[in-house]
Amino acid sequence: MSDHWKLSDIPWNRFEPGKIDPALLQLAKAASLVEQNGADYSRYLCEIFAGDAEFQAAARLWGTEEIQHGQALGRWAELADRHFDHEAACARFSEGYHLPEKPAGSKRGSRAGELIARCMVETGTSSYYTALADAAQEPVLKEICRHIAADELRHYKLFYTHLKRYLEIEKPNLLQRLLVAFSRIAEAEDDELAFAYHVANEREDAVYFRPRAVHAYLRRAYAVYRRPHVERGMTMIFKAVGLKPNGRLEAVVARLAWWLMNLRAFALEQGGLIPPRGYRAEKGRIPPAGRGTAIA
Ligand SMILES: [Fe+2]
Ligand SMILES: [Fe+2]
């Protein structure tokens, strides 16, 4: 997309160091690493959608936009913290966390499933960057997050358009669509984000302890959300799984999701009354970093 924004479109000269929120800086650093995985995800999608040249071209372009998100956030983080080296952090992140080189097949079982999973991710990122933009006081970060949030919404629409095409071909039922959506939600606490948070914010020689990293990441991330972000995300999810958006069921589920998110955020603030998934199983040992399970 030739009219896509560039790093030079960001008003870097409006940077105000006095308005940096340390928690948002930590989140921005972590996001700057995860976005760099766009190249790997793009390659993965091109493998899964072999023979669909139209989608492959769109996926390649999408991958470059995700990488640009990482570059913009990384550059901002370097401005905000002169000790942060984005390139070096990216190298450490990809050393510990990488996706399988050659996927054995679709992790979601079908192309429609892949597209539902992508819609879920783009819903998450669209809501997250909107929440970050709303929370940020520092003008340059606010502008970057607005640009990214607009992209993520457009990405959702892109994958949703292709999803409609594959729904006609593969005709998955509602249960199959819901299962993909739930499986993708469950992966939200996988290593990818937690490990990125660890690499971006801990000393280079610090040992990665997944439960601690998940806890540290989530307690900061959940704190930026407000109810409208969750409600808008729920509308997008309902559309992707084939449920009627903007109805009473959606209102109930959105209210429940907001309540659960608050409960989780409260628990994390109190030191983790509800421990992160896998806490008991992994307590007392160091899990291997970057298991590469969170494909799109
Ligand atoms: Fe992105
Ligand atoms: Fe995206």
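## The iron site

Donors are N, O and S atoms within 2.8 Å of the metal (3.2 Å for Na, K and Ca), and because water is not among the atoms, sites may look incomplete. With that in hand, let's look at the iron ion (ligand 2) in this predicted model. Its protein donors are Glu66 (OE), Glu122 (OE), Glu152 (OE) and His155 (ND1), which lie 1.9 to 2.2 Å from it. Along the chain they follow the spacing E-x55-E-x29-E-x2-H.

Why is the arrangement tetrahedral? The four donor atoms subtend angles of 92 to 133° around the iron ion (ligand 2), and four donors count as tetrahedral if all angles lie between 85 and 135 degrees. For four tetrahedral donors the ideal angle is 109.5 degrees.

## A shared glutamate

Glutamate 66 bridges the iron ion (ligand 2) and the iron ion (ligand 1), and these two ions lie 3.8 Å apart. Glutamate 66 sits in helix H3 (residues 53-80) and glutamate 122 in helix H5 (residues 111-135), so this pair, 56 residues apart, links distant parts of the chain. Helices here are DSSP runs (H or I, at least four residues), numbered from the N terminus.

Are these two glutamates buried or exposed? Both glutamate 66 and glutamate 122 are buried. Buried means under 20% relative accessible area, exposed over 50%, and partly exposed in between (1.4 Å probe, protein chains only).

## The two sides of helix H4

Helix H4 (residues 86-96) has the buried residues His86, Ala89, Cys90, Phe93 and Gly96. Seen down the helix axis, they fall within an arc of 135°, so they line one face of H4; the arc is that of the directions from the axis to the C-beta atoms. An α-helix has 3.6 residues a turn, so residues three or four places apart point the same way.

Helix H1 (22-34), H3 and helix H8 (191-201) are among the elements covering the buried residues of H4, where contact means heavy atoms within 4.5 Å. On the face turned away, you will find the exposed residues Glu87 and Glu95.

## Two loop residues

Lysine 171 is in the loop between helix H6 (139-170) and helix H7 (174-186). Its phi is near 45°, a positive value in a residue other than glycine, and at 60% relative accessibility lysine 171 counts as exposed.

Asparagine 246 lies in the loop between helix H10 (227-241) and helix H11 (248-269). Though not a glycine, asparagine 246 has a positive phi of about 65°, and its relative accessibility of 62% makes it exposed.

## Reading the model

Residues are numbered from 1 along each chain as its sequence is written, while chains are lettered from A and ligands numbered from 1 in the order in which they are written. Local features need pLDDT of at least 70, side-chain atom pairs count only at pLDDT 80 or more, and totals for chains, interfaces and linings use all residues, while side-chain values use heavy atoms, with hydrogens and water left out.

Methods: Four donors count as tetrahedral if all angles lie between 85 and 135 degrees; four count as square planar and six as octahedral if opposite donors are over 155 degrees apart and all others between 65 and 115; anything else is irregular.
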